[in-house]
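Q: I should like to take a close look at a single part of this molecule. Please give one connected account of it.

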Amino acid sequence: MISIHPNKRTVGNSIKAIAYSLFLMPLMFSCTTGTEIPVLLENVSLRSVRPEGWLHTMLTNQRGHLTGYLDTIAYPFTHGGWGTEPFYYMKNGERKVTWEPYEQTAYYLDGVLRCGYLLDDEFLIGKGTRAIYGSIETASPEGVIASELHGEKGSRWPHSIFFRAWMAEYEATGNPIIPERMERHYLNDTVRYRWRDLCNAEALAWLYRKTGNERLLDRIVSLYEALVPENSGDYASGEKQEIHGVTYLEMLKVPLMYYMVTGDGAGLRTARNGFDKIDRWHMLPDGVNSSEEGLSGNGSTNTHETCDIVDYSWTCTYMLKLTRETQWADRIERAVFNAGLGAITKDFSAHQYQSCPNQVFCDDRSSLVAAYDGSRMAYRQFHKPPCCTGNVNRMFPIYIGSQWMTDGDALYKTLYGPGSVTHRTAGGEIVLREESVYPYTDTVTLHVVSGHGRFPLYVRIPGWCHTPAVAVNGTQMQGVESGTFFRIDREFAPGDRITLSLPKRAEFQKWNGYDAMVVNYGPLLFALNVETETERKTYSLEAPYDKPFFGYRMNPISAWNYFLCVDGTDNSLIRVVKTKITQPENPWTESPQPLRLKVPLAPDYSWRTAYYRDEKEYVPVTPALPTRGAMMFSTRRIRPEGIDLVPYGSTQLRISMFPYWKKKNIDPGALAAE
């Protein structure tokens, strides 16, 4: 079935795969024998990347808070599960096995292990490796990992998450037992894969590329063929999809994995169409699709789970690796810098289950999502169900671990942020260091710290940058274009400096059709920071959560009901205000913010707090935007002011989707830069 040539690997597709491709979309064409396998970008070893500056601060905050102690405070993280006693529950007096705690702990273990290797922290590494090698020791006689999950709906879904930690372990150590035992697991696992079980295509594709075992290839093809019947929609159709948001993002990788191992473009086109549908109906301005738990709209009070933030970024990394298109890196940065940072306290002690472009109330009952106890939008140490509590630990390790990629000799600078990498070439090791406070500054410098060698270095030029420039040791390069990787092929030596100028442009953008306006500055969404009265408080949950947890109650103490005095066509009404960054180790927490946009705002007194009735009383919640028809009266005789917006990721409560109305005679002095 598979033949290998010196410069190209080829694979023939089964008749069923061809039929499936034709079934999906008339525009898709079947793949013929001899399709070229894509050359995949790979992350460099986690041991080769060392974060610095604010990225290092984020990881050390994780280590000191959730990532470091989550397994000591709450079920299921305190239980183990992988490599220890299975997760049981009682039903009608009989012990049953449930898959949910395996999913939740798998998220956590993947995050804790990656964080450990990036920090070179044996404490964290030990947490992850004990689970991995413990699960090998407790596998079935046939080698099936956590075989007690047999028969449960979606029971192999947690394996697709847990094996990401295995892949990270192999990426860091090269231990051959990892692919060996993964292969044994899959070849001896007889459970029929359905629903989110199909996501095992990700681990199978990784394993197939390591082993070349054709039985693994056949399984990947079969999972791709099963995607539409098992899904509640069709990724390749033009229809709006109504499905659980995390499931949508995770299963969107199945056609990508099929494309990865077969080269059949139908898989890639299916995935592209899946992303197009997110952009069309579900994308929020902070860079991630809505999900409440299902895919939802793109209005100011639509929310997304923290799981979606992480999984959206993760799926985009595969698009980046397979296509080498810079737009996917642009998307990852927008998701992490805005939605990601906006969903956590910056010390990483608490997070939201659901977060939102506009949020001005935050307590145990202020959630805009009618689920559980109303606390989903509160910043808490622990949320129920604890999927997001586990998954949030993956966000920054994934981002930092994806900053540098390689296809062998070439090195790709894919995502930006301070830190260094050790690149191994035929001539030896070369250490490059990024010196920046990106995304706060427009200049990024890559400095060769040590080592000599010739290799191609590709630096990403973001699509949002309209006037980029690249200089090597002071000499300006020609042919630098936005939305591309710029190639620098030279003999690198200590002291070499590649300087990237990536100036941002402040822009108004109409969102959600006609109703809302947002303000962008490069990869950053800007928001009105709502000052808060913050109270730390404890709360308890029913068994098996037997320990008290803490969270934060936040009430607004500053005005938030403003409208933008623009019509969306005059970006000259934005003034960029930059001051010296005094805390480069974490500029997101500086006060006042060193990067601000001054825009014309005016109060809208008709835009008022909304209330809903819970079991006891009326509870204040964030209101939707005022209707356009009412604004023509509420905006009369109001004088605009120049008011600062700050990066969305630096806020806890905020307004980032504004009502807007054109106002004449704006005083230029009110918008003057400081």
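In what order do the seven strands of the open sheet stand, and is the pairing parallel or antiparallel?

A: The model is a predicted one, in which local features need pLDDT of at least 70 and side-chain atom pairs count only at pLDDT 80 or more, while totals for chains, interfaces and linings use all residues. Residues are numbered from 1 along each chain as its sequence is written, and side-chain values use heavy atoms, with hydrogens and water left out.

The seven strands of the open sheet follow the order β5-β14-β15-β16-β21-β18-β19, and their pairing is antiparallel. Strands here are DSSP runs (E, at least two residues), numbered from the N terminus, and two strands pair if DSSP finds at least two bridges between them. In general, strands of a sheet pair through backbone hydrogen bonds, either parallel or antiparallel.

At the edges stand β5 (49-51) and β19 (475-476). Each has a single partner strand, so one side of each is left without a neighbour in the sheet.

Within the sheet, β14 (residues 419-425) pairs with β15 (residues 428-435) in the antiparallel sense, over seven bridges. One residue pair in this arrangement is His423 with its bridge partner Ile430, which belongs to β15.

To sum up, the sheet is open and antiparallel, made of seven strands, with β5 and β19 at its edges and seven bridges joining β14 to β15.

Note on methods. Helices (H or I, at least four residues) and strands (E, at least two) are DSSP runs, numbered from the N terminus.
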